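Colleague: I would like to learn how to read a model of this kind with due care. Could we go through it feature by feature?

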Amino acid sequence: MAAPAQLPPTRPATLLPTGGPAPGVERVVSRRWGRPQSWTLASYVADGGYRALKKALAMTPAAIIDEVKRSNLRGRGGAGFPTGMKWSFIPKDVPGSTGAPSKPRYLCVNGDESEPGTFKDRYILDNDPHALIEGMAIASYAIGAHTAYVYLRGEFKRQAERMEAAIAEAREHGFLGPNVAGSGFALEAHVHRGAGAYICGEETALLESLEGKRGWPRLKPPFPAVVGLFGCPTVVNNVETLANVPAILDRGAAWFAGLGTEKSGGTRLMCVSGHVRRPGVYEVPMKMTLRQLVVDVCGGPEEGRTIKAVIPGGSSSPVLAPHELDVACEFEALKNAGTMAGSGGVIVMDDTACLVRTLWRISKFYAEESCGQCTPCRDGTPWQEALLYRMENGTAEPGDLDKLISVANAICPFPPMGLGNTICPLGDAAALPVHSFVQKFRPEFEAHLREKRCPFPTPWGRSAGAYGPAAPVARGWS
Amino acid sequence: MPDPSSPKPPEKAPSPAPPALVNLVIDGRPVQAKPGTNLIEAANQVGIDIPFFCYHRRLSIAANCRMCLVEVSNAPKLVPACQTLVSEGLKVTTGSPRVLESHRSVEQMLLYNHPVDCAICDQAGECKLQDYYMEFDHRPYQPAQPRVLRQKRKPIGPFVMLDQERCVLCTRCVRFMREIAQQPQLGVFARGNHEYIDTFPGQPLDSKYAGNTIDLCPVGALLSRDFRFRARAFFLSTTPSICAGCARGCNTFVDHYDGVAYRYRPRENDAVNQAWMCDDGRLTRRRLVEDRLTRPLVGRAGSRVQGRSLAEALSAAAARLKPLSGQAGLAALVSPQLSVEDLLAVCLLAREGLGLSALYEGGLADGDEDALLIRADKNPNRLGLRWVARGFGLALRPFESLLGDVSAGRVTALYAAGVEVPKEPQVVAAALGPIGLLVIQAVRHGPLADAADISLPAAPHSEYDGTFVNFEGRPQRFQRAYPEWDEARPHWRLAEALLRELGFAWRWPSARELFAELSPRVPELASFDWNDLGPGGRREPGVAARPAAADARPPGYRERAVAQPGQGKQAGGSRG
Ligand SMILES: Cc1cc2nc3c(=O)[nH]c(=O)nc-3n(C[C@H](O)[C@H](O)[C@H](O)COP(=O)(O)O)c2cc1C
Ligand code: SF4
Ligand code: SF4
Ligand code: SF4
Ligand code: FES
């Protein structure tokens, strides 16, 4: 068992100083980040850890679910689904044959975090694994699960080790195991590392992967709450979602709900990357607008440059133009703005960025990561990529922009939004950026077509031919 | 379809019947369907075809091709018709511009990486990709990048050749192997549009049911190594038949052209073979075409008299059998490969023409068996043989006793209808050496034909109408696909001719009259309607039958002009 102290220290997260620009900001998830040995049990307990678990174990599961419902906690994994409601979908009693125990239930923690632009869960796993474990224990107790799986992105080697060490430590001290905190409730937790597929972050693909199968999303319905892992009722929650739970139990639903807006309780972790002076993970109040976050908190773009576009919630969320940034970093507000809060990955592009190239790179990611199960996504995503590559490379034909839109429409018609033709939302995630980039920045695409080259002078904008023969050509099996 | 002659309006009100039907509207047409029916099947009930690749009603729902998307009134987005179940009051639209555009785009996506080498593709003519292209897409290919290249010809098993480039990744084959054959030997490898179907390392596709994946494959990705490059599917005619490979009696189609059978395909019959058949059964097709005896052989090998016609050979055989009739040394060997009609005539010949009271029971030796289809008894009509022999008061003796009786001198002359024997034919031919007279009726050349004094050419079951009784006692009709080769004739015709030569007056214009006249002697056949051709068995003269979706192509897929079922003028007669 690796002693936690021997693990390499993490790079401290870039943090919003407590009481930063937005008055009254309270740090919930990132509260303990950066403290010495914050990942050890001793440090966690010294900061009041596992108090909430003991409190929860004295409550009824229904009361916990109710508390979480009242806290307005919404899933941080992408869809923003109310967490308490998700837990309440677990069938109360699965009728088995007479006397037989009902089906087991499972809790799965989604730590796959592969969305481009998102890098928050790793900080939780690094800095505060016990907060996650405590949240898992509370959630498991609330839904009646005795086994919890932590599904981590394959690349998270250090995080997986730290999580495993933390689980061992918690078990040693009775916060996991056959008798959690002396309550008689049993819970075992296991860490499972993926093999490097973005799609395994989709909750049903994650379940398939955990079962040892190909990471292909399942058809819904039935939803995991009814038929999940190994055919049993299962809750899948994001790491950040669960890391919020102890604080809710500890300080009360009303306090947590009060931190947020009417429909979204608490604070959010935002991962800001791209052309800003201080990129990093920030814990911000839900009410903070994107412009405040990007300009005031992160310092905005470099001297003399202006913001051209901001992706607000990971690469799959539709892009926002500069005039659209006065929108709160919150689920409903972003939805009303025609985009989505997603996983909190804010990617900022200033005026030196070639958006065709950016979109090509995003499309390449989705073409690479499509699981290949359904036709529109399997064959549409590489097609999008190829068309964008031609545009950037100066070899596009005049009709290519319309073609691009028609391909994106075949994957996910736009508008309306989120109504894809595919099995899982990865198809939407691949098509929505295309729709929104072309809709909002059409002149830039037309300039590429007209000039038959990329008009941007920077190395990143120079004709893609400079990077050798076309990447798409080199792909293939023989 | 409700029967118009019995309207039943009063029934509804009083009975709150539990198996209530769900009412929905598809393209403006009211449809009543059982709860749990999906939209593809419900639309099919009223003759609306929703296109699909991955759906198959005997496999689990994968909903991965997205070809079947339709508009429904209770969801804003298009939903897959294969996955969506009927619900009360649902309105379904299958032909709106939005739906047609989605069909078109899916087709276009599938063709994006497709080689479109239809000219050398066995599937051409019965390819869903081709059909839907003509129906929905009709646009030129607009490549934006080179196609992803994959394995073009990979023998993945003894029966199956895989062309990964043509695959549309519907996973029907994978699901069949997992769910029906229960031998998960196929899988999907790699990811995204690099994905391909393959076998696992060290485990070829050697399941006995692998051939079904070829039928299930909606495109030319899985190909039969027995059929590959031998015929164009669109030239083939199709005739309902029964597989003679084992006692299961799987319902089949014989696909043939110009008197040659090129392949078997399973025909759907829920009671017998669902929609499947085994590869050994498929390979029995070769018995229809290989080493055929099509002219009589007179004289044993070495001292053969050349150029005798069938009529001459028949009278020669009758002349030599006649003096032995009723004598102690004469015996008959009968094979359970013969049809019921053959056996009726042969037993009549044995009983009345040859004066016998017992038969030796021939037939191929037992083989392997499994729980799905394959039966140990490799003969299609053993039960039929037992029934008919009993009906004619003929005892059946095991084949083993024949060889003993020959060597003991108790059998000195043998008439054999069908020469399928449970031992090596060479061994049997040698053991029959001491016999004074050997007259056989055989479909194929072989050691026994060489050993016989007179070999009469018999036709295989693809060349005449008849009946096999499967191991459950289910009589099943097969039909004549094409005329007999040269002078070959059905066993019953040969037996009839021998009877005539022996001075009897039996005459039957066709197997139907024979069955009508002789089957009353066999009580087990009393309830069998000879004109009942079984599911998917009815056809118009000269027109190949509806494939009855055995391979899940849409009904009427091959011949759109086929008449509605139930309107056929002639029920079962052969074509000529
Ligand atoms: C293609 C795809 C990738 C996803 N990747 C992740 C991921 O990496 N991490 C995550 O927490 N949720 C991811 N999700 C969202 C999950 O499906 C699921 O909604 C989430 O784990 C639910 O947790 P929550 O309710 O706590 O948000 C992804 C969804 C899709 C469609
Ligand atoms: S949308 Fe893409 S990732 Fe999702 S199931 Fe279909 S092919 Fe797989
Ligand atoms: S599968 Fe064969 S017949 Fe069908 S489109 Fe492809 S090449 Fe042509
Ligand atoms: S090989 Fe044929 S049946 Fe199998 S997935 Fe490909 S197209 Fe479908
Ligand atoms: S998605 Fe319905 S048939 Fe393939």
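**Confidence before detail**

Modeller: Let us start at the beginning of chain B, where pLDDT stays under 50 over residues 1-13 and the model has zero contacts beyond four places in sequence for that stretch. This is a predicted model, and where pLDDT is low, the predicted coordinates should not be read in detail.

Colleague: Which other residues of chain B have a pLDDT that stays under 50, and how many contacts beyond four places in sequence does the model have for them?

Modeller: Those are residues 540-576 of chain B, for which the model has 68 such contacts although pLDDT stays under 50. Chain B as a whole averages a pLDDT of 89, with 90% of the residues scoring at least 70.

Colleague: What is the mean pLDDT of chain A, and where does its pLDDT stay under 50?

Modeller: The mean for chain A is 87, and 87% of its residues reach 70 or more. Its pLDDT stays under 50 over residues 1-23, for which the model has 45 contacts beyond four places in sequence. Residues 96-100 of chain A are also below 50, and that stretch has two contacts in the model beyond near neighbours in sequence.

Colleague: How should I read the fold of chain A, and how many helices and strands are there?

Modeller: Chain A has 17 helices and eight strands, and of its 478 residues 54% count as buried. Among its contacts between residues at least 6 apart in sequence, 71% join residues at least 24 apart.

Colleague: Is helix α16 of chain A largely enclosed or largely open, and why?

Modeller: As a general idea, an α-helix has 3.6 residues a turn, so residues three or four places apart point the same way. In α16(A), residues 426-440, 13 of the 15 residues are buried, so this helix is largely enclosed by the rest of the structure. Its span from first C-alpha to last is 22 Å, close to the 21 Å expected at 1.5 Å a residue.

Colleague: In chain B, what do strands β16 and β17 make together with helix α9?

Modeller: β16(B), α9(B) (residues 382-391) and β17(B) make a right-handed β-α-β unit. The strands, residues 358-361 and 395-398, run parallel and are joined by four bridges; in β17(B), Leu396(B) is the bridge partner of Leu359(B).

Colleague: How many residues does the contact between the chains take from each?

Modeller: The size of an interface is often given as the accessible area lost when the parts come together. Counted by residues, the contact here takes 31 from chain B and 33 from chain A. On the chain B side, helix α2 (residues 97-112) gives the largest share, six residues, and that side divides into 16 nonpolar, ten polar and five charged residues. For the complex, the predictor gives an ipTM of 0.87 and a pTM of 0.89.

Conventions:
Residues numbered from 1 in each chain as written. Chains lettered and ligands numbered in written order. Predicted model: local features only at pLDDT ≥ 70, side-chain atom pairs only at ≥ 80, totals over all residues. Pairing = 2+ DSSP bridges. Helix = DSSP H or I, 4+ residues; strand = E, 2+ residues; numbered from the N terminus. Right-handed = clockwise from strand over helix to strand, strands pointing away. Expected span 1.5 Å × (residues − 1). Buried ≥ 20, exposed ≤ 12 C-beta atoms within 10 Å, placed from the backbone. Contact = placed C-beta atoms within 7 Å. Nonpolar A, V, L, I, M, F, W, Y, C, P; charged D, E, K, R; others polar. pLDDT = per-residue confidence, 0-100.
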